[in-house]
Amino acid sequence: MNKIYQRPDWDEYFLMLAKLAATRSTCLAFPVGAVITKNRQVLATGYNGSPSGSAHCISQGFCYPGLSSCDASKTLPSRAVHAEANAIAKAARHGISTDGASIYVTLEPCIYCLKLVIAAGIREIFYETSFNSGEKAALRDTFISEGIVELKQIQLSENTAKKAALFLLHPTSVLKDSIS
């Protein structure tokens, strides 16, 4: 069988969903997506952006007047609710327990989100891009060594990414010969 037609494994599948969620981000600095899963089922998704009802940074073209994005300031806080927090909030809003769940994120959770994820009972974190360093990485590693959370960096295989691109760019419910 041609490798281009192999199914993605579960980690790739859920990471692709997180990447799709990131396309909804309204953050100018870091578009991030998150998917909470349990027993291979999606419980909730989230992406980062301004709180619901607040002006979106991408709509305004800035986060704060005079700043192109929140990361351009060392003193002003980000206006965004992080993707992990939005996914957890969405699950809570709909009465969905996240205890014992996993989360897939496009960016390693910041320390605040890592603590929130742990408090929500999520025990596995799969992420695409590293974020924490220095003292923050040391705290993250303490949580890992205490056995309260597991983190694993994952990537999409080239074959999975190519197949996904074909599916995104062309109709999917057609004969294979039609999308060659």
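**Helices, strands and a buried tyrosine**

Q: How do helix 4 and helix 5 lie to each other, roughly parallel or roughly antiparallel?
A: The axes of helix 4 and helix 5 come within 10 Å and cross at roughly 15 degrees (axes are lines fitted to C-alpha atoms, for helices over the stretch in contact, with angles from 0 to 180 degrees between N-to-C directions). An angle under 35 degrees counts as roughly parallel, over 145 as roughly antiparallel, 65 to 115 as roughly perpendicular and the rest as oblique. Helix 4 and helix 5 are therefore roughly parallel.

Q: What kind of model is this?
A: Residues are numbered from 1 along each chain, and side-chain values use heavy atoms, without hydrogens and water. Local features need pLDDT of at least 70 and side-chain atom pairs pLDDT 80 or more, while totals for chains, interfaces and linings use all residues, since this is a predicted model.

Q: Which residues of helix 5 are met by helix 4?
A: Both helices, like the strands, are DSSP runs numbered from the N terminus (helices: H or I, at least four residues; strands: E, at least two). From helix 4, the residues I111, L114, K115 and I118 take part in contacts (heavy atoms within 4.5 Å). Their partners in helix 5 are K136, L139, R140 and F143.

Q: In what order do the five strands stand in the sheet?
A: The sheet is open and its pairing is mixed (two strands pair if DSSP finds at least two bridges between them). Strand 2 and strand 5 are the edge strands, each pairing on one side only. From one strand to the next the twist averages 20 degrees. The order of the strands is 2-1-3-4-5.

Q: How many bridges join strand 1 to strand 2?
A: Strand 1 and strand 2 run antiparallel. Within this pairing, I36 stands opposite A44 in strand 2. The bridges between strand 1 and strand 2 number six.

Q: Which residue of strand 3 is the bridge partner of V35?
A: Strand 1 and strand 3 run antiparallel and are joined by four bridges. In strand 3, the bridge partner of V35 is Y104.

Q: Is Y104 buried or exposed?
A: Y104 lies in strand 3. Away from its neighbours within four places in sequence, its contacts include F14, L15, V35, F126 and I154. Its relative accessible area is 4% (buried means under 20%, exposed over 50%, partly exposed in between, with a 1.4 Å probe and protein chains only). Y104 is therefore buried.

Q: How many residues of strand 3 are buried?
A: Strand 3 is largely enclosed by the rest of the structure. The count of buried residues behind that statement is six of the six.

Q: In which sense do strand 3 and strand 4 pair?
A: Strand 3 covers residues 102-107, strand 4 covers residues 124-129, and five bridges link them. S102 stands opposite E124, and V105 stands opposite Y127. The sense of this pairing is parallel.

Q: Which residue of strand 5 stands opposite I125?
A: Strand 4 and strand 5 (residues 150-153) pair in the parallel sense over four bridges. I125 stands opposite L151.

Q: Which elements do the buried residues of helix 3 pack against?
A: In helix 3 (residues 83-93), the buried residues are A83, E84, A85, A87, I88 and A91. After the helix comes G95, whose phi is positive, near 70 degrees. The buried residues of helix 3 pack against strand 1, strand 2, strand 3 and helix 4.
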